[in-house]
Every structure is written in structure tokens, then in C-alpha cells.
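Colleague: Mind walking me through this one before I head back to the bench? I have a handful of questions about loops, sheets and surface.

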Amino acid sequence: TAPALDGDDRVGAVTYALTGADAGLFVIDADTGIVTSLAVFDFDTPTDDGADNIYSLTITASDSATTVQTATADFTVSITDVSFSITATDSTIAENAIFASTAPDFTGDDRVGVVTYALTGADADLFVIDPTTGVIISNVEFDFETPTDDGADNIYSLTITATDSATTAQTATADFTITITDAPFSITATDEEAEENTIFASTAPDFTGDNGFGAVIYTLTGADVDLFTIDPATGIVSSTTVFDFEIPTDDGADNIYSLTITATDSATTAQTASADFTVSITDVDESAPVAPLTIAAATFSTNENNVAGVEVGALTITGDPTTVSLTGTGNEKFYDWDAHLYWY
């Protein structure tokens, strides 16, 4: 502002001049006495004579009297530090991963010298911070189904603090959160075969990826669902009837029964996973079994000169032969009837 004149009235026009240890960094309006700096000052890089951000000046006012009168006033301009600040962005990551942040951003004034970072907050024990870069890394992989944050809600709360190296150190803090989301799970159900004339029972479906949250409930749909039932706790599928290959009852009438199994977990926002599979009914030979034919070895004796028609012996035959014939040396002397040998 313009200097204030007091005391006796000055004579004529007053002219102002500037001196002092730091006058070279300022300019004065000779008519008004208003002092203006020639540069923008940086608290972190002081340019005053004492390098303490206190700029020393002397303003001199001279009037226009024949015997010029002068008056001087010393004053200082002190540069104050503008605080810096940092920002840390809230993050969201899927479970089963190690979290690593980006470095915090600075806003406002430059910090003085080296900046050191520290981490606090309700869940700070689960993380570590690089004191030089401010990058934060989790100590563990997070499991959505088993939250370990202070609120047990998969939202981890942290505060990062940056401290500079000024004689009177400046600090800046930023609160932020890391939210863990549920990773999707999936199930697989293998296509299966079953022989006709039996009740079908499947194996339990397999999980891939993440496990479902809490209890998992299974349901069954598909073109042929009416012929099957599912255990809602285990996912095991069983047929409600015995299948007959010769009389297929599946939707396509081709002995391939199409089903879809769906698993639903107990998360607040429930996740589901589905798997299609088929049950193929195979044919079984249903004809009556045929017993093998066997003839027990036997030795018979008879008197010579027997008359025709005398029985010599009976053969032991198992199975169901359609004919019995004789071969060998002397077979022309005998004939058989219903496995009995007679003299011919």
C-alpha cells in the first residue's frame, strides 16, 4: 500500500525511493510510494539477503521544498509457506489378489526437500507403505468370503501422511479406502452315461475359480428336468425313473437327456453359476442267455451179436441241442435217439 505521511505538511510534490538489503527484488512508484515485487516468491527457495523469507526494505520520501525534507521508514515483507496437500484415490479390487496402490498425488505448494510417507488408519496393520514413494501394498491376499477389515464389510480404511523436510515440517494427510469385491465362481458338470434299466445318480458338480459365499443352493432346469431330481445341498442329480433304451422319454427321443444345474451362493448380491450336461442312456442286451452245450465223455459196453434196437447207453448232454449225430470208426453200427445209443 502507499506509505502514510504524518507530522508536518510536506512542501509540493513528494518523491519516493527504495533502498535496503533486498531492494533489488522490488520496484517503487516514485509518485505514490507503492512497492511491487519483481518476481513471485517461493517459500521453499528464499532469495532474501538473510535467506529466511524476510525481505528488508527502506522507503524514503522527499518533498519539493527549497531545502528538501526527507523521511524514511524501514519495513519488511515476510513470505509465508503455502501448505501442500496430497490426494489418494479410493480403490476397488477383486478378491484373491495382492493390492498395490499408485503413488499419492500432490496439490498446492511444493514440499521442502525429501518427503516421507507413513500409514495409519483402522486397517493399517494389513498393509505396508514405501516411505519414499508412498506406494501401499497389502500384506495378504484378501478373501471376500472372510473379510478381515475392522468393520468386517470388505472396506479397508487407511490414512496416508506425507511429511516434508522443512525446518518447521509440513504434513499433509489423505484418507482413502480399498474395497474388496467378490470374484465370480463357476461350476462344471460332466456329461455322463448310464445303462438302461437302472436309476441314474450323478457325481457332485465341481467348483472352479472362487468358492461361493456361504451356503450354496443347487437347482435343476433343462429340457428333461421333469425326469430328474437334484439335492439342493450337494448338487447330486438322480433320475426319478428307470430308463428303457427301447422307449426313450427324453425331449429329443434319442436317449440323450439334457439338463442344466445352477448354483447360487448366499452373498448379499447373490452370485450364480450354471453348467449344462447330458445323461446318455446306453442299450443293454436283454435276450435270454443260452446255456453252453457240453457232452460228458462216456464208455459203454454191450454183448456181441445184439439184435437191432438194443440200447447200448445214454449220453449226458447239457444245454439245449437241436440235433445229435454220431461220427467216428464203427459209428454205422449205432444210431441215437434223444441222446440214447442203440444197436443198429
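**Loops, sheets and a patch**

Modeller: Asparagine 53 counts as buried because its relative accessibility is 5%, where buried means under 20% relative accessible area, exposed over 50% and partly exposed in between (1.4 Å probe, protein chains only). Bear in mind that this is a predicted model: local features need pLDDT of at least 70, side-chain atom pairs count only at pLDDT 80 or more, and totals for chains, interfaces and linings use all residues. Residues are numbered from 1 along each chain as its sequence is written, and side-chain values use heavy atoms, with hydrogens and water left out.

Colleague: Where is asparagine 53 found, and what is its phi?

Modeller: Asparagine 53 is in the loop between strand E3 (35-37) and strand E4 (54-62); strands here are DSSP runs of at least two residues, numbered from the N terminus. Asparagine 53 is not a glycine, yet its phi is positive, at about 65°.

Colleague: Is asparagine 197 buried or partly exposed?

Modeller: Asparagine 197 lies in the loop between E15 and strand E16 (206-209). This asparagine 197 also has a positive phi without being a glycine, about 70°. Its relative accessible area is 40%, so asparagine 197 is partly exposed.

Colleague: Which strands stand at the edges of the sheet E15-E21-E20-E17?

Modeller: That sheet is open, with 4 strands and mixed pairing; two strands pair if DSSP finds at least two bridges between them. E15 pairs with strand E21 (residues 272-282) in the parallel sense over 4 bridges, and alanine 194 stands opposite isoleucine 281 in E21. One side of each edge strand has no neighbour in the sheet, because each has a single partner: these are strand E15 (192-195) and strand E17 (217-221).

Colleague: In the open sheet E7-E13-E12-E9, over how many bridges do E12 and E13 pair?

Modeller: This sheet has 4 strands and mixed pairing, with strand E7 (91-94) and strand E9 (116-120) at the edges. Serine 157 stands opposite threonine 177 in E13. Strand E12 (residues 155-163) and strand E13 (residues 171-181) pair in the antiparallel sense, and the number of bridges is 9.

Colleague: Which residues make the nonpolar surface patch?

Modeller: One member, isoleucine 137, is found in strand E11 (residues 136-138). Isoleucine 137 counts as partly exposed because its relative accessibility is 37%. Patch residues have over 30% relative accessible area and no salt bridge (a Lys or Arg side-chain nitrogen within 4 Å of an Asp or Glu carboxyl oxygen), with like charges joined within 9 Å and nonpolar side chains (Val, Leu, Ile, Met, Phe, Trp, Tyr) within 5 Å. The patch covers about 240 Å², by the Shrake-Rupley method with a 1.4 Å probe, and is made by Ile98, Val128 and Ile137.
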